[in-house]
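Here are some questions and answers for a first look at a protein chain. Keep the structure open beside the text while reading.

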Amino acid sequence: MQISELHLRKDLRMKHVMMDTEDGSSIDSKSPVVDALSLIAQDPNSAVVVNNKNGESIGIATEKDIIIALEKNGAGILDHAIETIMTADPIRADINTTCKEALQQMIDGNFRNMPVFENERFKGIVQALEIAEGEMVEVLEENRKLKELIVKHLPKKFYFQSTDDANEVHHSMVENNMSCALIQNTDRPADIIDLSDFLYLMGKNKSLKGPSN
């Protein structure tokens, strides 16, 4: 197994972030729009999957679909069958689809609700916000683990306090051939800086000196 495969196995997937389940998230295609609206009003739903008489999923109806239909046709549309306003054959996600894959599909297709299936069985609906939050959690967790690893193995000379003088920190890093250093804070987790950060600071603060020749 390649190391890249190991990375893929830890990616967050639909089953990790999806709050909605199949219960109360599907409706018969002949049911009126008002029934779908009642289901969507129940948190965390923002859409319902539409099934035909055989129980097969044939579409999705979102709160946006209903709002557009009301604007176009008036309140009378609430008595029409949900199949008249649904989006047919929506893009699906598998229960093991990664957040990254699903989010890219949503961006490309400009939609924010995706039905999730497992072996052709409907499992629920995932929303773009849930996926985005899952991606953010994963990034933050990776950063936390990286910092813990650096703290564990970095020699003490690589540690500085947030109150230390920037020139002195920069000089120490250059003198000791340090590519990065850990900055300990009193009010938040430690930060990791590298020499490139000082280039930015030098551009903003002329009092910060570059390395001596």
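Two strands pair if DSSP finds at least two bridges between them. The model discussed here is predicted.

Q: In what order do the three strands of the open sheet stand?
A: Strands of a sheet pair through backbone hydrogen bonds, either parallel or antiparallel. In this open sheet of three strands the pairing is mixed. Strand S5 (93–94) and strand S7 (121–127) each have a single partner strand and stand at the edges, so one side of each is left without a neighbour in the sheet. The order is S5-S6-S7.

Q: In which sense do S5 and S6 pair, parallel or antiparallel?
A: Two bridges count for this pair of strands, S5 and S6. Across the pair, Asp-94 stands opposite Phe-117 in S6. The sense of the pairing between S5 and S6 is parallel.

Q: Which residue lies over the face of Phe-117?
A: A charge sits over a ring if NZ of Lys or CZ of Arg is within 6 Å of the ring centre and within 35 degrees of the ring normal. For Phe-117 the distance from the ring centre is 3.9 Å. The residue over the face of Phe-117 is Arg-92.

Q: How many bridges join strand S2 (residues 47–51) and S3?
A: S2 and S3 form a hairpin with five residues between them. In the turn, Gly-55 has a positive phi of about 80 degrees. The two strands pair in the antiparallel sense, and Val-48 stands opposite Ala-61 in S3. The number of bridges between S2 and S3 is five.

Q: Which residue in S4 is the bridge partner of Gly-59?
A: S3 is also joined to S4, and these two strands run antiparallel. Two bridges make this connection. The partner of Gly-59 in S4 is Ala-88.

Q: How many of the six residues of strand S3 (residues 57–62) are buried?
A: Buried means under 20% relative accessible area. S3 is largely enclosed by the rest of the structure, because the buried residues of this strand number five of the six.

Q: Is Ala-69 buried or exposed?
A: Ala-69 lies in helix H4 (residues 63–73). Leaving aside neighbours within four places in sequence, Ala-69 is in contact with Gly-74, Ile-77 and Ile-85. The relative accessible area of Ala-69 is 8%, and the cut-off for buried is under 20%. Ala-69 is therefore buried.

Q: How far apart in space are Ala-69 and Met-86, C-alpha to C-alpha?
A: Along the sequence, Ala-69 and Met-86 are 17 residues apart. In space, from C-alpha to C-alpha, the separation is 9.9 Å.

Q: How many salt bridges does a search of the whole structure find?
A: Side chains of opposite charge can pair when their charged atoms come close. Among the salt bridges here is the one between Glu-83 and Lys-30. The search of the whole structure gives a count of four.

Q: What is the N to O distance in the salt bridge of Glu-83 and Lys-30?
A: The side chains of Glu-83 and Lys-30 meet in this salt bridge, at 2.7 Å. Glu-83 is in the loop between H4 and strand S4 (87–88), and Lys-30 is in the loop between strand S1 (26–28) and helix H3 (33–40), 53 residues apart. Glu-83 is partly exposed at 29% relative accessible area, whereas Lys-30 is exposed at 56%. The N to O distance asked for is 2.7 Å.

Q: Which residue forms a salt bridge with Glu-63?
A: The closest N and O atoms of this salt bridge are 2.5 Å apart. Glu-63 lies in helix H4 and its partner in the loop between helix H5 (99–109) and strand S6 (113–118), so the pair ties together parts that are 49 residues apart in sequence. Glu-63 counts as partly exposed at 28% relative accessibility, and the partner counts as partly exposed at 42%. That partner is Arg-112.

Q: Does Lys-123 count as buried or exposed?
A: The side chains of Lys-123 and Glu-118 meet in a salt bridge (4.0 Å, N to O). Glu-118 counts as partly exposed at 35% relative accessibility. Lys-123 has a relative accessibility of 18%, and the limit is under 20%, so Lys-123 counts as buried.

Terms used
Residues numbered from 1 in each chain as written. Predicted model: local features only at pLDDT ≥ 70, side-chain atom pairs only at ≥ 80, totals over all residues. Heavy atoms only, no water. Helix = DSSP H or I, 4+ residues; strand = E, 2+ residues; numbered from the N terminus. Buried < 20%, exposed > 50% of the residue type's maximum accessible area, 1.4 Å probe, protein only. Contact = heavy atoms within 4.5 Å.
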